[in-house]
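User: I would like the reasoning behind the labels used for this model. Please set each value against its cut-off.

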Amino acid sequence: MTELYGIDVSQYDGYNINFATAPIKYCIVRWGYGSRPSQQDKLWEYHLEQCNDNNIPMGAYLYSYATTTGGAVAEATNLCARLDEAKAKGYTFPYWIWYDVEDSSQAQLGK
């Protein structure tokens with residue numbers, strides 16, 4: 001079995017990752033959270049640039065706070081718009097797009 005080592009990154013990792021030397025094969029970059037463009041991760045662009053400059057294939061994710069179907073649709077719509085902007089700049093996302101649902105506020109959603 002082949003193992004691929006990947007990481008997920010967000011503003012909480014700061015500028016502490018050396019993308020040029022880290023033994024990572026892919027990176028899942030956090031776009032942000034929620035349904036508003038103002039909720040973009042502060043290091044989204046930086047992480048995209050680092051991955052691109054170092055030929056690291058990317059995926060992306062959004063940390064969800066949605067507690068209703070309408071909220072989830074709003075988040076997904078926002079994420080798609082932001083990904084379209086990134087793709088227009090030449091970024092690609094071969095490692096898929098992830099929707100991170102784990103916030104304690106979502107407990108009432110059930111499975």
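Analyst: The answers below concern a predicted model.

User: What is the confidence in this chain?

Analyst: The mean pLDDT of the protein chain is 91, with 95% of its residues at 70 or more. Among its elements, H1 has the highest mean (97) and S4 the lowest (89).

User: How do you know which strands are the edge strands of the sheet?

Analyst: The open sheet has 4 strands in the order S1-S2-S3-S4, with parallel pairing. Strand S1 (6-9) and strand S4 (97-100) each pair on one side only, and these are the edge strands. From one strand to the next, the twist averages 25 degrees.

User: What makes S2 and S3 a pair?

Analyst: Pairing requires at least two bridges between the strands. Strand S2 (residues 26-33) is joined to strand S3 (residues 58-63) by 6 bridges, so the two count as paired. Arginine 30 has tyrosine 61 as its bridge partner in S3.

User: Why is the contact between aspartate 41 and arginine 30 called a salt bridge?

Analyst: The cut-off is 4 Å from a side-chain nitrogen of Lys or Arg to a carboxyl oxygen of Asp or Glu. Here the N to O distance is 2.7 Å, so the pair qualifies. Aspartate 41 is in the loop between S2 and H1 while arginine 30 is in strand S2, so the salt bridge ties together parts 11 residues apart in sequence. Both residues are buried.

User: Why does lysine 89 count as exposed, and what is glutamate 45?

Analyst: Exposed means over 50% relative accessible area; lysine 89 has 55%, so the label applies. Glutamate 45, at 27%, lies between the 20% and 50% limits and therefore counts as partly exposed. These two residues also form a salt bridge, with the closest N and O atoms 3.1 Å apart. Lysine 89 is in the loop between H2 and S4 and glutamate 45 in helix H1, so parts 44 residues apart in sequence are tied together.

User: Why is arginine 82 called buried, and what is glutamate 85?

Analyst: Buried means under 20%; arginine 82 has 13% relative accessibility and so is buried. Glutamate 85, at 41%, is partly exposed. Their closest N and O atoms are 3.0 Å apart, in a salt bridge. The two are 3 residues apart in helix H2, which means a separation of about one helical turn.

User: Which residues have the most contacts inside the largest nonpolar core?

Analyst: In this core of 18 residues, they are Val29, Trp44, Leu48 and Phe93. At least two core residues come from each of S2, H1, S3 and H2. Valine 29 touches residues including Val9, Trp44, Leu48 and Tyr61.

Key: Residues are numbered from 1 along each chain as its sequence is written. This is a predicted model: local features need pLDDT of at least 70, side-chain atom pairs count only at pLDDT 80 or more; totals for chains, interfaces and linings use all residues. Side-chain values use heavy atoms; hydrogens and water are left out. Axes are lines fitted to C-alpha atoms, for helices over the stretch in contact, and angles run from 0 to 180 degrees between N-to-C directions. pLDDT is the predictor's confidence in each residue, from 0 to 100. A nonpolar core is a set of buried Ala, Val, Leu, Ile, Met, Phe, Trp, Tyr and Cys residues joined through side-chain atoms within 4.5 Å. Buried means under 20% relative accessible area, exposed over 50%, partly exposed in between (1.4 Å probe, protein chains only). Contact means heavy atoms within 4.5 Å. Lists of a residue's contacts leave out its neighbours within four places in sequence.
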